[in-house]
Amino acid sequence: MQRRWYTAGAIIAGFAMLATACTGGAGSTAGGGGTTKGEIIIASDQPTSGGDASDGLPAQNGIQFAVESAGSIKGFKLTFKGWDDTVNGTHDPQKGAQNIQEMISDAKILGMIGPNNSNVARAMIPIANRASFTMISAANTNECLTQTFAYCEADTGTTPAKLRPNGVNNYFRVAAADTFQGPAAADFVVDTLKLTKVAVWSDNETFGKGVADKFTAEITKKGGTVVLRQDFDTKTTNDWKPFLTDAKNKGAQAVYAGATSGTKICIPRAQMKGILDAPYLVPDGGVNSQCIKDAADNAANLYGTVAAADANQNPDAKATIDAFTKRFPKKEDVGSYTFPAMDCANILIDAIGRAIDANGGNMPSREQVRAAVAATKSFKGTTGTYTFDANGDPTSPTMAIFQTKGSPLDWVFVKQFGVGG
Amino acid sequence: MRGLLSRLGSILESDPRKNPNAVVYLVLAVATIAFPIGVQVATRGSGSFLISQAADAGVYILLAIGLNVVVGFAGLLDLGYAAFFAIGAYTYAFVASDHLEFTPIHQALHIPFWIALLVGMFAAAGAGAILGAPTLRLRGDYLAIVTLGFGEIVPRLFRNASTWTSGVNGISALDTPALPIWLNGPWSGDALAIVQNFKIIDPLAYYVIMAILVAISVLLVNNLRRSRMGRAWMAVREDEVAAAAMGVNTVGVKLLAFSIGAAFSGFAGTFYGAKLSLVSPENFGFTVSITILIMVVLGGMGNIPGVIVGALLIYYVIFNILPGLPQQASDFANSIGATSLNSPSGDWPGLAGEVQRLKYLIFGLILVLTMLLRPQGLLPSRQRAEELQKGVHDDTTIEDVNAETT
Amino acid sequence: MVGSLKQARIAFVGAPIGRLVNLLVILAVLYAIFILATKIFAQGPSYFLQILTFGVANGAIYALVALGYTMVYGIIELINFAHGDLFTLGGFISVFLLPIFGLDASKAGTPGIILPLLAVFIVTMLICGAINVTIERVAYRPLRHAPRLAPLITAVGMSFVLEGVMFLWKGPFNVPYPNLLPTNGIVIGGATIGVKDIFVIVVAAILMIVLALFVSRSTLGKAMRATAQDQDATELMGIDINRTIAATFFIGAVLAGAGGTIFGLYYNTLVFDLGFSAGLFAFTAAVFGGIGNIQGAALGGLLIGLITALWDGYMESTWTQVIIFAILILVLVFRPTGLLGMRVPEK
């Protein structure tokens with residue numbers, strides 16, 4: 001009996017030692033060397049484990065790369081620190097809220113890049129807002145995070161104003177909102193591909209469902225028909241063949257998927273072989289090498305929209321892309337949000353630089369950094385030139401359309417255009 | 001007061017080896033008070049995020065206490081407990097936000113947090129009764145499977161019934177808990193003034209609320225366990241047929257175990273919703289149910305302090321150790337001078353990247369090893385420990401239940 | 001009997017709510033079936049046949065995994081949460097083995113794939129079996145006389161460990177599985193029954209028949225059934241319990257390994273956490289048919305596959321899982337032993 005208690009004690013002591021080791025470690029990132037004025041940390045919050053990691057890890061790579069290549073800013077050493085918002089295998093708003101509180105408590109962190117999911121963003125923005133803490137997201141596309149529409153409260157229970165108790169905007173993003181991406185794909189289907197009957201499915205997540213709904217609305221507006229509309233629980237669904245057969249019977253000429261690579265976006269494409277020979281359209285969650293792999297021998301005739309300009313179209317960006325590929329050589333290290341996330345990090349670093357100047361070369365306050373980010377004018381990133389409007393959205397965001405072509409098949413740029421504006 | 005003092009005295013006098021619970025309670029109580037102070041001292045005043053996280057951990061403590069009633073006391077395996085958590089959280093979202101205005105009801109409700117706690121409790125308890133009623137005939141693992149099905153259905157209902165729950169987007173901007181009246185003063189950094197409708201934002205306040213909620217729950221559960229009902233639960237757990245023969249209303253007893261167990265998750269859900277100001281359907285899945293079950297079993301089924309310790313440890317592992325591990329690993333490599341480990345080359349993604357990929361594995365190994373070393377849990381209930389030593393096939397004595405006191 | 005009489009008298013507390021809930025659920029399910037039937041009627045027979053084909057093929061895979069759950073549960077009353085992940089691991093192992101046996105997409109659909117594929121199947125099945133026996137030895141056997149929930153937690157732990165191994169191996173991304181089987185099929189009544197569908201159904205059927213024969217005829221099979229009924233008595237009869245239980249785990253894993261390979265060949269994609277949901281559904285299938293009952297698991301798997309395909313094909317697919325679990329609850333409430341019955345439920 002007594003010995004058993006010793007085991008229990010030993011296990012608890014083991015956890016306790018881990019605990020002290022961890023808290024000790026967390027505090028020990030100090031230093032920064034004698035030659036610099038101090039250290040500034042760029043934080044990120046992405047889902048980097050579990051099923052969402054296929055979206056989160058490539059984005060984190062982009063941020064890490066931006067911070068590592070900058071190295072320092074106006075005499076301050078720059079360090080990257082990544083947080084993971086995955087709990088129990090899925091992105092978790094509670095964990096996101098904890099992460100941002102931890103970031104805020106570290107005076108060296110002047111801003112963060114992320115998060116990946118709109119629900120996590122809703123939990124984080126109010127907390128960051130009270131501390132004037134800058135957030136720049138590469139992937140949140142839900143329009144209700146920044147813009148006030150009549151349906152926002154009914155759809156998401158909140159408005160941008162409610163999320164910002166301070167009244168001053170601290171949340172910026174480079175991705176064009178869902179309001180642009182779905183319609184852009186719909187316009188492309190009707191105007192360029194000249195097709196009118198479409199089957200639409202979504203992963204029933206904030207992003208996927210939102211973009212599929214916007215696509216459906218625009219197609220209908222343009223005189224086309226959505227012959228079949230389904231939402232799937234992609235964690236438990238493996239078989240899309242009933243849906244695809246139904247779509248074929250109802251005369252679908254194209255299929256639109258509202259999902260991401262984490263939610264099997266291009267798996268149905270492979271299953272279309274032998275059932276339905278039609279173009280397959282994806283939003284930016286699918287424009288990556290993973291999608292081509294998943295579509296297997298049916299990867300041709302895929303179209304994708306990306307809510308940011310194509311990094312490869314920008315000649316200045318080529319050197320950056322090459323350097324990134326050298327640092328992260330694996331093909332799956334790059335995702336559709338890698339370069340947008342890298343741009344977010346560079347925008348933040350640039351703003352911190354201006355804030356340091358504004359503060360006479362000293363460590364700026366978070367409010368100064370926030371103001372500097374808001375004042376970002378024509379920042380040239382790998383994916384476009386960014387200026388933020390009062391909501392924190394990019395002014396005249398760019399939408400690019402891609403297609404799979406060539407041998408071996410790869411995403412090829414088709415066209416890009418400004419939307420909204 | 002004298003009763004309390006004499007109880008405290010008896011705790012101090014009791015032999016820790018015979019009754020470690022008293023010591024554990026004492027340690028937990030002291031730690032609860034010392035934690036915020038210690039954290040602020042250790043982090044030089046910037047530790048409020050840790051206090052906030054500790055308050056979040058309390059949610060899981062409440063859940064574990066509630067599940068312990070079902071699994072530990074009544075011996076009913078519940079694999080869908082997160083469903084009640086979801087019901088509690090969504091209840092708060094419905095009764096304390098503008099949301100209902102956008103549902104077919106068209107009338108927002110703003111019930112104060114303190115009353116909403118009770119509403120959430122009754123909603124979850126009601127759900128427990130509704131689930132329990134038709135499934136009472138089932139025994140053992142078949143009940144577990146029904147609860148599993150229920151646990152799968154409820155979050156999907158919240159996700160799919162978007163007219164009522166705004167679907168995948170969840171409901172956000174829930175009301176912040178508020179005190180009707182509060183005295184501002186130098187301690188909060190303001191001038192001395194009486195504030196009406198004071199909104200609670202400070203993490204420490206949440207921590208205090210949570211500590212009180214946990215303390216109330218522990219008292220309630222302890223009293224329940226010592227009551228007639230508690231003894232009936234244990235009788236049902238040990239031998240249902242014998243219990244029924246002795247006149248125990250097994251049906252009612254099981255139903256109450258379900259309801260009361262669920263009630264605590266109503267507390268937890270309300271607090272969760274109020275603190276996060278957001279509920280979304282993807283965070284109440286099967287993994288959450290399993291996590292809570294792990295907390296209960298690993299801590300020591302049936303023993304409340306054990307369950308609390310288990311909840312704290314697992315919470316700490318899942319929310320702190322695992323997510324922070326890659327950073328820790330690369331910091332550690334830097335501190336011992338092995339910086340080359342951190343730079344990626346070829347297939348090696350750098351130490352942090354590699355550890356990132358190891359998280360699942362490490363969590364799994366922690367579970368397996370702890371269970372192999374302490375199959376009865378870290379702090380098992382005394383009776384269960386004895387059962388284990390005698391072996392499960394030996395006759396267990398029910399009168400032990402009466403003798404068991406804390 | 002006195003107990004059950006008393007129970008009947010006091011059951012009356014919960015009975016009215018219980019009956020009301022039951023009634024509502026039955027009405028809902030009847031309504032759903034009615035809607036489904038009208039839709040099936042409206043869409044014509046060829047589409048129905050097509051959906052049935054998908055459902056049966058899907059169900060065959062669930063059935064293979066369900067068998068592992070049911071056998072393990074039958075013998076040691078453990079819900080082996082790691083079993084679904086073993087199924088995924090089978091897929092991962094076979095995708096690793098394919099190039100070793102000279103199989104790649106260029107040989108797709110040729111007769112030359114038959115023998116190497118058979119070899120891949122056998123090796124994968126053996127490796128999975130060996131892994132599961134090891135898991136049983138390390139994580140479950142030491143806890144055989146521990147409190148009942150302890151092995152359940154180690155099973156969850158092993159599930160995380162297996163998922164961790166696969167995450168480490170292939171990352172969080174979908175793993176492509178080469179499309180080796182011919183993609184053509186036969187057209188019957190307007191529906192295309194693919195070679196793939198036939199392959200899945202035939203292989204699964206062969207495996208299940210072999211298993212059924214093994215359990216009913218062989219000495220080891222008899223030992224398994226005896227152990228499931230009464231461990232102590234079986235031990236007294238001179239049967240090595242440990243060996244019998246290990247054999248059960250081995251056979252369950254062999255089927256899971258085959259299931260993973262079939263899944264890969266059929267869907268051409270795998271992902272590290274696939275086994276989590278697949279396992280949950282396979283387990284549901286096992287309970288459906290009557291846990292501990294081999295024919296029941298096969299039937300349950302088939303039904304789950306059919307319900308999924310029908311609901312996905314005719315109704316809103318977001319509700320598919322809700323329907324499956326609602327039917328599961330109903331089956332258990334009205335027929336607590338599952339469709340085909342199981343061993344007497346006594347803990």
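So, which hand does the disulfide of Cys266(A) and Cys291(A) have, left or right? Hold that thought for a moment. One thing up front: this is a predicted model, so everything I say today is about computed coordinates.

Okay, disulfides. Counting over all chains, there are 2 of them. Let's go back to the pair I opened with. Cys266(A) and Cys291(A) are joined with a sulfur-to-sulfur distance of 1.8 Å. The torsion about their S-S bond is about -75 degrees, so the disulfide is left-handed. That's our opening question sorted.

Now, where do those two cysteines sit? Cys266(A) is in the loop between β11 (254–258) and α10 (267–272) of chain A, while Cys291(A) belongs to helix α11 (residues 289–295) of chain A, so the link ties together parts that are 25 residues apart in sequence. And if you try to find them from the outside, good luck: Cys266(A) has a relative accessible area of 0%, so that one is buried, and Cys291(A) counts as buried too, at 1%.

The other disulfide is made by Cys144(A) and Cys152(A), with their sulfur atoms 2.1 Å apart. Here the angle about the S-S bond is -85 degrees, and this link is left-handed as well. Are its ends buried or exposed? Cys144(A) is buried at 3% relative accessibility, and Cys152(A) is buried at 0%. If you number the bonded cysteines along chain A, the pattern comes out as 1-2, 3-4.

While we're on cysteines, two more to point at on the screen. Cys344(A) is buried, at 0% relative accessibility, and over in chain C, Cys128(C) is also buried at 0%.

Next up, some backbone oddities. Where do we find cis peptide bonds? One joins Gly114(A) and Pro115(A), with omega at about -5 degrees. Pro115(A) lies in the loop between β6 (109–113) and α4 (118–130) of chain A. Another joins Ser407(A) and Pro408(A), and there omega is about 0 degrees. For Pro408(A), look in the loop between β16 (398–405) and β17 (410–418) of chain A.

Then there's phi. Asn204(A) isn't a glycine, yet its phi is positive, about 60 degrees. You'll find Asn204(A) in the loop between β9 (197–202) and α8 (206–221) of chain A, and at 4% relative accessibility it is buried. Chain B has a case too: Ser166(B), again not a glycine, has a positive phi of about 50 degrees. Ser166(B) is in the loop between α7 (162–165) and β3 (171–172) of chain B, and it is buried, with a relative accessible area of 6%.

Last topic, the inside. Which residues touch the most other members of the largest nonpolar core? That core has 305 residues, and the answer is Leu79(B) and Leu293(B). Its largest share, 18 residues, comes from helix α3 (residues 45–76) of chain C. Chain A joins in as well, with at least three residues from each of domain 1 (18–176 + 313–396) and domain 2 (178–306).

Let's zoom in on Leu293(B). Leaving aside residues up to four places away in sequence, Leu293(B) touches Leu67(B), Val71(B), Leu77(B) and Leu79(B), plus Leu149(C), Leu152(C) and Ile153(C) from chain C. And there's a second, separate core of 60 residues, with Ile219(A), Ala254(A), Tyr256(A) and Ile352(A) among them.

That's my tour. Over to you.

How values were computed: Residues are numbered from 1 along each chain as its sequence is written. Chains are lettered from A and ligands numbered from 1 in the order in which they are written. This is a predicted model: local features need pLDDT of at least 70, side-chain atom pairs count only at pLDDT 80 or more; totals for chains, interfaces and linings use all residues. Side-chain values use heavy atoms; hydrogens and water are left out. A disulfide is a pair of cysteine sulfur atoms within 2.5 Å. Buried means under 20% relative accessible area, exposed over 50%, partly exposed in between (1.4 Å probe, protein chains only). Helices (H or I, at least four residues) and strands (E, at least two) are DSSP runs, numbered from the N terminus. A nonpolar core is a set of buried Ala, Val, Leu, Ile, Met, Phe, Trp, Tyr and Cys residues joined through side-chain atoms within 4.5 Å. Domain bounds come from an automatic or database domain assignment. Contact means heavy atoms within 4.5 Å.
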